[in-house]
Amino acid sequence: MSDRAGGAWHPSLGAIHPTIAQVEDEGLVTTREEGGRRLVALTSEGRAQLEERSARLGDPFADFADAPDRPDLRDLLHQLHAVVRQIEVGGDATQLEAAANVLVQARRSLYLILAGEAEDVGE
């Protein structure tokens with residue numbers, strides 16, 4: 001799904017597993033364990049429902065196909081979170097204060113972007 005959405009959407013396991021359980025309960029898929037992985041396959045009823053809905057609703061990923069490449073902000077946010085946690089756990093008072101100032105400035109800069117008043121930010 002992430003690949004089909006060009007990286008713009010990453011479903012979480014907390015969303016995937018309950019959904020699989022629901023469609024399995026409805027008889028639309030079967031699951032089996034193989035090599036430590038859970039494999040999901042459409043049943044004939046699931047395939048029929050997919051074809052009917054696809055004909056009516058179209059491809060849910062079609063809008064992503066022609067979308068320009070875009071930065072993966074979610075991954076960048078995870079990277080930022082990781083370094084903030086490192087500073088929070090092991091940083092001294094000066095490092096903590098400096099990190100807090102960077103985060104305050106980052107939040108301010110992001111709000112300015114939303115307001116259409118983005119600061120000139122270089123690499």
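Glu88 counts as partly exposed, at 47% relative accessibility. The model that holds Glu88 is a predicted one. Its partner is Arg85: the two form a salt bridge, and their closest N and O atoms are 2.5 Å apart. Arg85 is partly exposed too, at 40% relative accessibility. Both residues sit in helix H4. They are three residues apart, about one turn of the helix.

## Salt bridges

How many salt bridges does a search of the whole structure find? It finds four. Three are described here, the pair of Glu88 and Arg85 among them.

A second bridge joins the side chains of Arg56 and Glu52, with an N to O distance of 3.0 Å. Helix H2 holds both residues. They lie four residues apart, about one turn of the helix. Arg56 is exposed at 53% relative accessibility, because the cut-off for exposed is over 50%. Glu52 is partly exposed at 39%.

Another bridge is made by the side chains of Glu24 and Arg38, 3.5 Å from N to O. Why does this pair tie together parts that are 14 residues apart in sequence? Glu24 lies in helix H1 and Arg38 lies in strand E2, so the bridge links those two parts. Glu24 has a relative accessible area of 30% and is partly exposed. Arg38 is also partly exposed, with 33%.

The three bridges can be set out as follows.

| Pair | N to O distance | Location |
|---|---|---|
| Glu24 and Arg38 | 3.5 Å | helix H1 and strand E2 |
| Arg56 and Glu52 | 3.0 Å | helix H2 |
| Glu88 and Arg85 | 2.5 Å | helix H4 |

## The largest pocket

The largest pocket has a volume of about 870 Å³. Three elements give two or more residues to its lining: helix H1 (13-25), strand E2 (37-42) and helix H2 (44-57). H2 makes the largest share, six residues. H1 and E2 are also the elements that hold Glu24 and Arg38. H2 is the helix of Arg56 and Glu52.

In total, 23 residues line the largest pocket. Which of them lie nearest its centre? They are Met1, Thr19, Val23, Leu42 and Leu50. By class, the lining divides into 16 nonpolar, five polar and two charged residues.

## The second largest pocket

The second largest pocket holds about 320 Å³ of space. Its lining is made of Leu73, Leu76, Leu77, Leu80, Ala106 and Leu110. How does this lining divide by class? Six residues are nonpolar, with no polar and no charged residues.

H4 and helix H5 (93-114) each supply at least two of the lining residues. The largest share, four residues, comes from H4. This is the helix that also carries Glu88 and Arg85.

## A nonpolar surface patch

Leu77, Leu80, Val83 and Leu103 make a nonpolar surface patch of about 320 Å². Helix H4 (residues 73-90) gives the largest share of the patch, three residues. Leu77 is found in H4.

Is Leu77 buried or exposed? Leu77 is exposed, with a relative accessible area of 54%. The cut-off for exposed is over 50%, so Leu77 falls in that class. Leu77 and Leu80 belong to the patch. Leu77 and Leu80 also appear in the lining of the second largest pocket.

## Gln79 and Leu39

Helix H4 also contains Gln79. Gln79 counts as partly exposed, at 45% relative accessibility. How far apart are the C-alpha atoms of Gln79 and Leu39? They are separated by 30 Å. Along the chain, Gln79 and Leu39 are 40 residues apart.

## Helix H4 in review

Several of these features meet in H4. The helix holds the bridge of Glu88 and Arg85. It gives three residues to the nonpolar patch. It gives four residues to the lining of the second largest pocket.

Terms used
Residues are numbered from 1 along each chain as its sequence is written. This is a predicted model: local features need pLDDT of at least 70, side-chain atom pairs count only at pLDDT 80 or more; totals for chains, interfaces and linings use all residues. Side-chain values use heavy atoms; hydrogens and water are left out. Patches are made of residues with over 30% relative accessible area and no salt bridge: like charges are joined within 9 Å, nonpolar side chains (Val, Leu, Ile, Met, Phe, Trp, Tyr) within 5 Å. Accessible areas come from the Shrake-Rupley method with a 1.4 Å probe; for residues, only the protein chains shown count as cover. Buried means under 20% relative accessible area, exposed over 50%, partly exposed in between (1.4 Å probe, protein chains only). On a 1 Å grid over the protein atoms alone, a cavity is a set of points where a 1.4 Å probe fits but cannot get out, and a pocket is an open set with protein on both sides within 12 Å along at least five of seven lines; lining residues have an atom within 4 Å of a point. Grid points are joined across faces, edges and corners, and a volume is the space filled by probe spheres set on the points. Ala, Val, Leu, Ile, Met, Phe, Trp, Tyr, Cys and Pro count as nonpolar, Asp, Glu, Lys and Arg as charged, and the others, Gly among them, as polar.
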